[in-house]
Amino acid sequence: MGPTRRIDRMVLPSAVLTLIGLGAVAVLVLWWRSTTEVAGTGNLLTAAGDALGLLAGYGVVMLVALMARLPPLERGIGTDRLARWHAMGGRYVITLVTGHVLLILWGYAATAHEQVTSEAVTLVTAYPDVLMATVAWFLLLGVAAFSARAARRRLSYETWYYAHLYTYLAIALAFSHQFADGPAFADSQAARVAWSALYVTVAAAMIWYRVVTPLRNSARHRFTVQKVKPEAEGVVSVFIGGRDFDRLRAEPGQFFRCRFLTRELCWQSHPYSLSAMPQPDMMRITVKASGDHSGSLAGLKPGTRVIAEGPYGAFTPAVSGRRVLLIAGGVGITPIRAMFAALPRRMSDGITLVYRASSPRDVVFSHELDAIAADRNAALHYVIGSRDQLGYDPLSPAQLQRMVAGLHRYEAYVCGPPGMTQTAVESLRALGVPKRRVHCESFDF
């Protein structure tokens, strides 16, 4: 598959956000049509709470849709950006749900002339499905706590992943509450049908693309571990054999979510980047041990079956005609190496790779990179050592400009740990590279 067209990357994100926004407007129209009276403090608070509840119910479905691994979104927008949208949207949804709870409670108490605490007991014990909705709220608050930046730094990917599964339980618990207590659905069969169709459609898409499609592809391509090769300290390449890999239409820079069918690893899948373009019967992923799952891959045995979902990701070289700057840090060299090898030879003298590593033992693929650079007459810079050892920041604007002349003529691709990625992107922007020509992906969750 050839490089992604730039127009796809520019148009699709705006189109998706516009569609989500129009859906939110439709939800507000539904709320307005069902709101018959807003006179008095209690009714006003209750009506506002109803609006926030509807928006929260719509928002949580959109969050699931963003992460349902729909191929057009994964390839046209990219997992990295979708994850950022999902995280930002999650904060909005938690705020909407909490606002809904507080306003409804306050509004009902004001209307009944009761204390808020006694009205809370009445709502939970006397109103249908409110208890389940309350449990759903606490589950969402728990997921939000696990997703906070300070908590994520202390969590393994596995813990973070399993905590997020409670979101689906929260959605299931809260769904019947919307029909049982929501005025927008009390007298409108059409609203009930449309709302149910939205939930069912998203659920069906998630099951199809996250369950059925991976199983079908596994049977079709017969993914099997062929060998595991150490590349550096804590870094291994896993060679996966099979058939008809050319039908996967993978692009350089993309990744697969791999589930290795061993007793210890079969319970979860993880995203791993291609470190080379697949051959018809072989593909390679390269992994750094950074958790229980990735740390176990060094012990994989040949013959282990794999369920591989993908390819995913929009971190791929776009057709632009400009020179290309690749900046990799740590295991971020994995997708960058695949892109480096896939760039056309006609771009001779127009390709530069800057590879950042803390020490020589962290450098991966040096022989392959040297051979690719020689084949394409590309510039290759190894920048090795900590900032304290070097005495300067090698990715500062001044240092980048010294290594790569005429940066304003380049399309830049940056991949590595979040801190390194942020520094490189800020330096490129400071040097006048337009935001639309700086593409980045960070290894974070």
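This is a short talk on one predicted chain, going from its overall figures to one sheet, one helix pair and a few single residues.

First, the ground rules. The model is predicted, so local features are given at pLDDT of at least 70 and side-chain atom pairs at pLDDT 80 or more, while totals for chains, interfaces and linings use all residues. Residues are numbered from 1 along each chain as its sequence is written, and side-chain values rest on heavy atoms, with hydrogens and water left out.

Overall figures, then. The chain has 17 helices and 13 strands; both are DSSP runs numbered from the N terminus, helices being H or I of at least four residues and strands E of at least two. Along the principal axes, the C-alpha atoms fill a box of roughly 80 × 50 × 40 Å. Of the 445 residues, 47% are buried. Buried here means under 20% relative accessible area, exposed means over 50%, and partly exposed is in between, with a 1.4 Å probe and protein chains only. Taking contacts between residues at least 6 apart in sequence, 73% join residues at least 24 apart; a contact is heavy atoms within 4.5 Å.

Now the sheet. Six strands make up an open sheet, in the order β2-β3-β6-β5-β4-β7, with antiparallel pairing. Two strands count as paired if DSSP finds at least two bridges between them. At the edges are β2, residues 224-232, and β7, residues 306-312, each of which pairs on one side only. On average, neighbouring strands of this sheet are turned by 35 degrees against each other, direction ignored. Axes in this talk are lines fitted to C-alpha atoms, for helices over the stretch in contact, and angles run from 0 to 180 degrees between N-to-C directions.

Let me go through part of that sheet. Strand β4, residues 255-260, pairs with β5 in the antiparallel sense over four bridges. Within that pairing, Arg257 has Pro271 in β5 as its bridge partner. On to the next pair: β5, residues 270-279, and β6, residues 282-288, are antiparallel over three bridges. Ala276 is bridged to Arg284 in β6, and Gln279 stands opposite Met282 in β6. The connection from β5 to β6 is a hairpin through two residues.

Which residues does Arg337 touch? Leaving out residues up to four places away in sequence, they are Ser275, Ala276, Arg284, Phe365, Glu368, Leu369 and Ile372. Ala276 and Arg284 are the bridge partners from a moment ago. Arg337 itself sits in helix α13, residues 333-342, and is buried, at 11% relative accessible area. A polar atom of the Arg337 side chain lies 3.4 Å from the backbone oxygen of Ser275.

Back to the sheet edge for one backbone detail. Pro311 is in strand β7, and the peptide bond leading into Pro311 from Gly310 is cis, with omega near 5 degrees.

Next, a helix pair. Helix α4, residues 79-112, packs with helix α5, residues 116-126, at an angle of about 105 degrees, the axes being 9 Å apart. That makes the two helices roughly perpendicular; the term covers 65 to 115 degrees, with under 35 counted as roughly parallel, over 145 as roughly antiparallel and the rest as oblique. From α4 the contact takes in Leu105, Tyr108, Ala109 and Ala112, and from α5 Val116, Glu119, Ala120 and Leu123. By class, that is seven nonpolar, no polar and one charged residues. The nonpolar class is Ala, Val, Leu, Ile, Met, Phe, Trp, Tyr, Cys and Pro, the charged class is Asp, Glu, Lys and Arg, and the others, Gly among them, are polar.

Two loop residues have positive phi without being glycine. Arg69 has phi near 65 degrees and lies in the loop between α2 (41-66) and α3 (71-76). For Asp244 phi is about 55 degrees, and its loop runs between β3 (235-241) and β4. Are these residues buried or exposed? Arg69 is buried at 7% relative accessible area, whereas Asp244 is partly exposed at 33%.

Last residue. Leu390 is in helix α15, residues 387-390, and is partly exposed at 27%. Not counting residues up to four places away in sequence, Leu390 touches Arg356, Val383, Ile384 and Gly385.

How values were computed:
A polar contact is a pair of N or O atoms within 3.5 Å; within protein, one must be able to donate a hydrogen and the other to accept it, and residues adjacent in sequence count only if both atoms are side-chain atoms.
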